[in-house]
Amino acid sequence: QVQLVESGGGLVQPGGSLRLSCAASGSIFSMYVMGWYRQAPGKQREFVAQITNGGYTTYADAVKGRFTISRDNAKNTVYLQMNSLNSDDTAVYYCRAHADKVYWGQGTQVTVSS
């Protein structure tokens with residue numbers, strides 16, 4: 001069983017930045033493929049970014065060049081640095097771990113508004 005706890009969401013003005021964190025349980029975190037997804041009101045959950053156990057990263061086109069996913073295996077934590085935020089980025093952001101199966105965090109709200 002893997003437990004995921006996200007933090008770092010909040011209200012930010014357009015053009016601003018936020019860093020999300022996701023702390024994971026488990027002794028083999030370094031083997032997990034970690035990802036971030038988001039779900040805006042009235043929309044389906046969508047992929048944002050992923051980082052493999054080898055550090056290979058992929059991004060959705062909508063966030064490429066603005067968001068950066070990273071991981072600290074010593075801290076069992078994955079991060080999502082979000083820059084140049086706009087209103088389209090408003091959503092609940094979910095952390096996802098692919099270990100023996102897929103696990104989800106509870107989500108953290110990100111609101112981009114002036």
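## Buried and exposed residues

A residue is called buried when its relative accessible area is under 20%, exposed when the value is over 50%, and partly exposed in between. With that in mind, let us look at this chain, which is a predicted model. Buried residues make up 43% of its 114 residues. The chain exposes about 5,900 Å² of surface, and carbon and sulfur atoms supply 47% of that area.

## The chain as a whole

How many helices and strands does the chain have? There are 0 helices and 11 strands, so the order of elements from the N terminus on reads β-β-β-β-β-β-β-β-β-β-β. The radius of gyration is 13 Å, close to the 13 Å that the globule rule gives for 114 residues, so the chain is as compact as a globular protein of that length.

If you drew a box around the C-alpha atoms along the principal axes, the box would be roughly 40 × 25 × 20 Å. Now think about contacts between residues with a separation of 6 or more: 52% of these in the chain involve residues 24 or more positions apart.

## A sheet of four strands

Next, look for an open sheet made of 4 strands, in the order β1-β3-β8-β7, with antiparallel pairing. Its edge strands are β1 (residues 4–7) and β7, each of which pairs on one side only. On average, neighbouring strands of this sheet are turned by 15° against each other, direction ignored. As a general reminder, strands of a sheet pair through backbone hydrogen bonds, either parallel or antiparallel.

You can walk across the sheet pair by pair. Strands β1 and β3 are joined by 4 bridges; Leu4 has Ala24 of β3 as its bridge partner, and Ser7 has Ser21 of β3. Strand β3 (residues 18–24) is joined to β8 by 6 bridges, with Ala23 partnered by Thr77 in β8. Strand β7 (residues 67–72) and β8 are joined by 6 bridges too, and here Ile69 stands opposite Leu80.

## Two strands up close

In a regular strand the side chains alternate between the two faces of the sheet. Strand β1 is a good place to see this pattern. Leu4 and Glu6 point to one face and are buried, while Val5 and Ser7 point to the other face and are not buried.

Strand β8 (residues 77–82) is mostly covered, with 5 of its 6 residues buried.

## The nonpolar core

Which residues have the most contacts inside the largest nonpolar core? They are Leu4, Met34, Trp36, Leu80, Met82 and Tyr93, in a core of 30 residues. The strands that each supply at least two residues of this core are β3, β4 (33–39), β5 (46–51), β7, β8, β9 and β11 (108–112).

Tyr93 is worth a closer look. Leaving aside neighbours within four places in sequence, the contacts of Tyr93 include Trp36, Leu80 and Met82, which are also named among the residues with the most contacts inside the core. Tyr93 also touches other residues, among them Glu6, Leu20, Val48, Phe67 and Val110.

## Two residues with positive phi

Most residues other than glycine have a negative phi. Two residues in this chain are worth noting against that background. Asn76 is not a glycine, yet has a positive phi of about 50°. Asn76 sits in the loop between β7 and β8, in a hairpin that has 4 residues between the strands. Is Asn76 buried or exposed? With a relative accessible area of 19%, Asn76 falls under the 20% cut-off, so Asn76 counts as buried. Leaving aside neighbours within four places in sequence, Asn76 is in contact with Cys22, Ala23, Ala24, Ser25, Gly26 and Phe29.

The other residue is Ser84, whose phi is also positive, near 50°. Where is Ser84 found? Ser84 lies in the loop between β8 and β9 (91–98). At 44% relative accessibility, Ser84 counts as partly exposed, because that value lies between the 20% and 50% cut-offs.

Notes:
Residues numbered from 1 in each chain as written. Predicted model: local features only at pLDDT ≥ 70, side-chain atom pairs only at ≥ 80, totals over all residues. Heavy atoms only, no water. Buried < 20%, exposed > 50% of the residue type's maximum accessible area, 1.4 Å probe, protein only. Pairing = 2+ DSSP bridges. Axes fitted to C-alpha atoms, helices over the stretch in contact; angles between N-to-C directions. Rg over C-alpha atoms; globule rule 2.2 N^0.38 Å. Contact = heavy atoms within 4.5 Å. Areas by Shrake-Rupley, 256 points an atom, 1.4 Å probe, with all protein chains shown as cover. Core = buried A, V, L, I, M, F, W, Y, C linked by side-chain atoms within 4.5 Å.
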